[in-house]
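Hi,

Here is the structure I promised to pass on. Have a look at it first, and then read my notes below.

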Amino acid sequence: MKIGVCDDEEVIRKTICNICLRVVSNYDEEIEIIQFSDGYDAYNSSQQPDILILDIEMPITDGIEVKERFQNSRNNTIIIFVTGHDEMMTKAFGINVIGFVTKNHIKTQLPTILEAAIKMVSKSVVVNGVDSRNIDYIKSEHIYSFFHMVNGKSHLVRKSSKELEKQLSSVNFIRVHRAYLVNLKYVDSIRDKNLVVNGTNIPISYRLNTEVKQKYQLYCKENARFC
């Protein structure tokens, strides 16, 4: 796992890195910490981090632009924003964003949010060689299922919808229809009787309508997202 720390102030980067070192010492998994002094470097690095602790305000490429680039390219990096100004937070919400830390309280706020981010990254399932974090939604037909991927491609596996639901229920996949499982991470909104998943309308069955809406609202609340 890679954790990126992006801030134009070296003293802040060092403070964040020290906090990261304390948090990751509780894990057996090998975790690498990478530093960036600007958002441009973080976005264009060949070593894309799994978690990025990102300053909102930077002189060249700010955190908002980095977040939008990740979101538009469907990058899976989880973002924790760091800011000195609370009023900037409303512009910073997005699919990749798990939470916010103010610079005045970074030592007390960051450890808790970073712990949650590490657990999210660690919480993935590999199905037939495919990382669950890279799947938008799944459409099943009898014993076959199509994985619709975040990169626009599809992947066919010989597994039933019921089999996949058991494997993926612990990593934020929910059933919305007899033929569909969706990854809540990529749900844009609920419109009438459909979920919009990265621009694609997925039907919600009448029977599951209330349950789906409740699970989506809970996911948004737990992951600091507007719904």
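A quick term before anything else: pLDDT is the predictor's confidence in each residue, on a scale from 0 to 100. You'll need it here, since this is a predicted model. The protein chain averages a pLDDT of 88, and 93% of the residues score at least 70. Among its elements, strand E12 (residues 180-183) has the highest mean pLDDT, at 97, while helix H4 (residues 89-92) has the lowest, at 57. Where pLDDT is low, the predicted coordinates should not be read in detail.

Now the overall picture. The secondary structure of the protein chain comes to seven helices and 15 strands. Its C-alpha atoms fill a box of roughly 55 × 35 × 30 Å along the principal axes. For 227 residues, a compact globule would have a radius of gyration near 17 Å, and the chain's 18 Å agrees with that. Buried residues account for 49% of the 227. The chain exposes about 11800 Å², with carbon and sulfur atoms supplying 47% of that area. As for contacts between residues at least 6 apart in sequence, 54% of them join residues at least 24 apart.

The part I spent some time on is helix H5, residues 106-122. At 1.5 Å a residue, its 17 residues should span 24 Å, and the end C-alpha atoms are 23 Å apart, which agrees. So which residues of H5 are buried? They are Ile106, Leu110, Ile113, Leu114, Ala117, Ile118 and Val121. Seen down the axis of H5, these buried residues fall within an arc of 150°, so they line one face of the helix. What do they pack against? The partners are strands E1 (2-6), E3 (51-55), E4 (78-83) and E5 (97-102), along with helix H1 (10-24). Turn to the face of H5 that points away from the buried side and you'll find the exposed residues Thr108, Thr112 and Lys119.

One last spot to click on is asparagine 201, which lies in strand E15 (residues 200-203). Leaving out residues up to four places away in sequence, asparagine 201 touches Asn194, Leu195 and Val196. Isoleucine 190 is eleven residues from asparagine 201 along the chain, and the C-alpha atoms of the two are separated by 9.1 Å.

That's what I have so far.

Cheers

Technical notes. Residues are numbered from 1 along each chain as its sequence is written. This is a predicted model: local features need pLDDT of at least 70, side-chain atom pairs count only at pLDDT 80 or more; totals for chains, interfaces and linings use all residues. Side-chain values use heavy atoms; hydrogens and water are left out. Helices (H or I, at least four residues) and strands (E, at least two) are DSSP runs, numbered from the N terminus. The expected span of a helix is 1.5 Å times one less than its number of residues. Buried means under 20% relative accessible area, exposed over 50%, partly exposed in between (1.4 Å probe, protein chains only). The arc is that of the directions from the helix axis to the C-beta atoms. Contact means heavy atoms within 4.5 Å. The radius of gyration is taken over C-alpha atoms; the globule rule is 2.2 Å times the number of residues to the power 0.38. Accessible areas come from the Shrake-Rupley method with a 1.4 Å probe; for residues, only the protein chains shown count as cover.
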